[in-house]
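Notebook open, structure loaded. I'm jotting down what I looked up, in the order I got to it.

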Amino acid sequence: MADEKNRKTSVVDRIWNALASIKLAVVVFALISGTSIVGTLLDQSGDVSKNLKIVAKFVGSGAAPKVFAFLDAAGFTDMYHSWWFIALLYLFAANLIVCSLERLPRIWNVVREPIRALTFEQANTMPVRREVVFSRKKDEARPAVLDAMKSFGFHAVEAKAEDATVQFIAEKGRYSRLGVYLTHLSIVIILAGAIVGMKFGFNANLNLLEGTSSAVAYGGADKEIPLGFEIRCEDFNVSYYDGSDTPKSFKSWLTILENGKPVLIDGRETTEIEVNRPLRYKGITFYQSSYGFAPNRDAQFKFALIGRDGKKQGVSLKFEESFTIPGTDVKGKVADFSPAIAVDESGKLFTYAEIMSNPAVFVEFSEKGKVRYSRWILLRHPETWDVPDGKVEFVDLWGAQYTGLQVRKDPGVEIVYLGCILMTIGLYMSFFMSHARVWVVMREERGKVRFLLAGSSSKNRVAFESGIERLAQKLSAADKA
Amino acid sequence: MDSSLFFGLSSIAYILAMISYIAFLAFRAGAVGIIATTLTVAGFLSHTCAFFLRWKEFADIGGMGIMRSIPLTNLYESLIFFVWCIMLGYLLIEWKYKTRSFGAFITPIAGMIMAFIDISGISKDIHPLIPALQSNWLLAHVTMSFLAYAAFAISFATAIMYLACTTSDNRKSGPYVFWTVVLAFFGAILIAMGIDFVAFKLTGKGAESFIKNYLFRATFRSASGGIAALSYAMLFVFVFLVWRYGFVLKNVISRFAVSADQLEELTYKCIAIGFPVFTLGGLVFGAIWADQAWGRYWSWDPKETWSLITWFVYAFYLHVRHVRGWRGTQISIVAVIGFVSTIFTYLGVNLLLSGLHSYGGM
Ligand code: HEM
């Protein structure tokens, strides 16, 4: 019985010791980095032909299918979600936790224990030392020392060691020793946040045509994920930088519906979202991520018409329907449409893109059944709006564009952010703060005072040494003053 | 007054400073050293003016407000800022360590990059930002990343110098082969890019397609098999020459008034500053921005993954130094590998892999 118990603990011990080794950390670092490199070389979205080409570049096209099949089976084409990569991350976390726990007690003792008075011999073994002779009396020395130390930010107290050595002691940044552990803890917290996100959240897409609504989003492999409410796209719009096809912004106007009724968000039924400005509702966030053109018969052409009388009138009609210019008998019929019109070198019109980057309608104007003239009217070019009988402003083609939304629920984000904040603090403590201790030991010798300045610093020895040097100079200067 | 004028002035100042620093190394005359420093500071100030002017030009054109208009959206602009960070770092070192020796190394690099950008005119026109880049986090994320890259670049230079100083006596030793080969590859890639550039200028095509389509087309990826083979042969010869005559660098450095220990210390200092800045600016702010723009704080896109790899390499550096007590040659090799990874994160990913980030995509 006893034997078995021993053996059990020794297995646990062995695992513990393995996890406590920095060597394992190095191996895990190397494995994560190495496999990640392979991951960045391959296309992770699962494009087989693309990946075959990439593999062929490395091993030649003969061996490519076999190597690719191996990589695919081993999970390299969706590597960051493969079981072994996630296992590596868990191992990394376990290693980090155990390593830190192993060393924490020692550091914790240092942190808990405030600076003590030292005997003269002890002080004489400190890593940084400097002697100063003070020609005045002991009582005058005291304020000079306290003053000098204060000017370096050390609030010193007087203390006596076991051997009755009188000294002034001070320290700074004791807690900075915990910075390393805070850094490690923050990494664990970030990983924990990521796990929470993976277990309890989802990442999905949703393409919504203007005027339609959906109660689900689509995850990987088109899996339907119910949202618990409905979302409707009221409108979508892209604006461009002047004279170019570089989008300046794209916006969607969205409405949340519960039981078919709109929900007020910030007091409004419709919320405008754009890239970098998402909509949040019930823990689910909708990000503007893409858009596209989906031509269909139900799309509505919207015009603002100005007739000879100068009055403006809005109309909305479908393809091949007609409107009348107010105050005239002239009718306009939408006879053709191009989402992105351009003129080639020979003056011919052509469509240059599959999205609505420069939409144009071809309108035939007729009076009493006879065609009088026809025009291309371009949404982004007001100079094409003037027609002989008035003005036809092409305002929008509604119901032909869809907004591409990224839909996410991630209850782990707050944990990740907390980890990021802790990491910032931890790194600051580890790199820009140090634990500095100073002892100014005082001894009387033939009416003079002899100071031994001793100190130690957890980091940045050179700067600390020059600090002690300046402290010594300050004391000498105080002596002469 | 526009930014190009000031950029031009600063390249001239850096090149003049280079001449002065070299003269200073040769003659050790104090007055020459002061001239060199003055020229560098002048170049740096003009560079700073140029940067802010371009920022303003950008804001005026884009109309998106000052915070969102930092001119760091393409390779041209990021190189300029990169050089700016390096010069800032160099001036701090000159001031803190009271040594002008590195100037002879740094200013030629700065002058050459600035001149290269200036003549090449790589996309000097101001491109408005695509929506995903219109975020206030961009400012913090990009500036801090580049500050960290510059700190790593300096640590690379000092680590190579350290290796040159300490390993030049034995040409067969691993560390000597390592640093000469790494340095030779860096040099060869820069030279090849220079040749690309000249070839590109001769064809007189538009500047947009330069980097992506022309990189190494005049050399390693040439359509003519002969030229490609010749390029590889030249690369081989070049690496051999650097390996054969690497000790010359030691002789040059021995003229500097710096010891190997100081070089190693500088390497560490730069990494100790670069690492936290990179963690916060590069990884944390990058994650926050991605979270807001794409709805994922981490999506394993190649640029993110390479940043993580770089972060691991430097974390490794810090651990072996503090926990294992590595010093000298070993640790300097890690620093060099760290910068190779940094460069790949900065340029390689954009040039060779695809991703969401737009820098380098011309
Ligand atoms: C990649 C993520 C990591 C980061 C950013 C990180 C960061 C740091 C930093 C900044 C230090 C302080 C170095 C100094 O003294 O200045 C440190 C120390 C240390 N790290 Fe890490 N670390 C990471 C992962 C790990 C892992 C995976 C392990 C172990 C399995 C580990 C074990 C240690 C140990 C033992 C120390 C020394 C603590 C001491 O002072 O006793 N670290 N780490």
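**Entry 1: the iron.** I went to the metal first. The iron atom of the ligand has six donor atoms around it, and the angles they subtend run from 84 to 179°, which makes the arrangement octahedral. To call it that, I needed opposite donors over 155 degrees apart and all others between 65 and 115. Worth keeping in mind while I read these numbers: this is a predicted model.

Which protein atoms are donors to the iron atom of the ligand? I found NE2 of His184(A) and NE2 of His319(B), lying 1.8 to 2.0 Å from the iron. The pair crosses between chains: His184(A) sits in helix H7 (residues 179-200) of chain A, and His319(B) sits in helix H11 (residues 302-322) of chain B.

I also checked how accessible the two histidines are. His184(A) has a relative accessible area of 15%, so I noted it as buried. His319(B) comes out at 29% and therefore goes down as partly exposed.

**Entry 2: the interface.** With a ligand site shared by two chains, I looked at the contact between them next. I get 40 residues of chain B in contact with 44 residues of chain A. The area buried between the two chains is about 3700 Å², and carbon and sulfur atoms give 68% of that.

How many salt bridges does the rule find across the interface of chain B and chain A? I got one. Arg408(A) forms a salt bridge with Asp291(B), and their closest N and O atoms are 2.7 Å apart.

**Entry 3: domains of chain A.** I pulled up the domain assignment for chain A, which gives the following:

- Domain 1 covers 2-109.
- Domain 2 is written in two pieces, 114-173 + 434-480.
- Domain 3 is also written in two pieces, 198-296 + 402-422.
- Domain 4 covers 300-400.

I then took the centres of domain 2 and domain 3 of chain A over C-alpha atoms, and 64 Å separate them.

**Entry 4: positive phi.** Last, I scanned the backbone for positive phi outside glycine and wrote down Asn259(A), with phi near 50°, and Lys282(A), with phi of about 50°.

Where do they sit? Asn259(A) is in the loop between strand S7 (247-258) and strand S8 (261-262) of chain A. Lys282(A) is in the loop between strand S10 (279-281) and strand S11 (284-293) of that chain.

Buried or exposed? Asn259(A) has a relative accessible area of 77%, so I call it exposed. Lys282(A), at 57%, is exposed too.

Technical notes
Residues are numbered from 1 along each chain as its sequence is written. Chains are lettered from A and ligands numbered from 1 in the order in which they are written. This is a predicted model: local features need pLDDT of at least 70, side-chain atom pairs count only at pLDDT 80 or more; totals for chains, interfaces and linings use all residues. Side-chain values use heavy atoms; hydrogens and water are left out. Donors are N, O and S atoms within 2.8 Å of the metal (3.2 Å for Na, K and Ca); water is not among the atoms, so sites may look incomplete. Four donors count as tetrahedral if all angles lie between 85 and 135 degrees; four count as square planar and six as octahedral if opposite donors are over 155 degrees apart and all others between 65 and 115; anything else is irregular. Helices (H or I, at least four residues) and strands (E, at least two) are DSSP runs, numbered from the N terminus. Buried means under 20% relative accessible area, exposed over 50%, partly exposed in between (1.4 Å probe, protein chains only). Domain bounds come from an automatic or database domain assignment. Contact means heavy atoms within 4.5 Å. Buried area is the accessible area (1.4 Å probe) that two parts lose on being put together, summed over both. A salt bridge is a side-chain nitrogen of Lys or Arg within 4 Å of a carboxyl oxygen of Asp or Glu.
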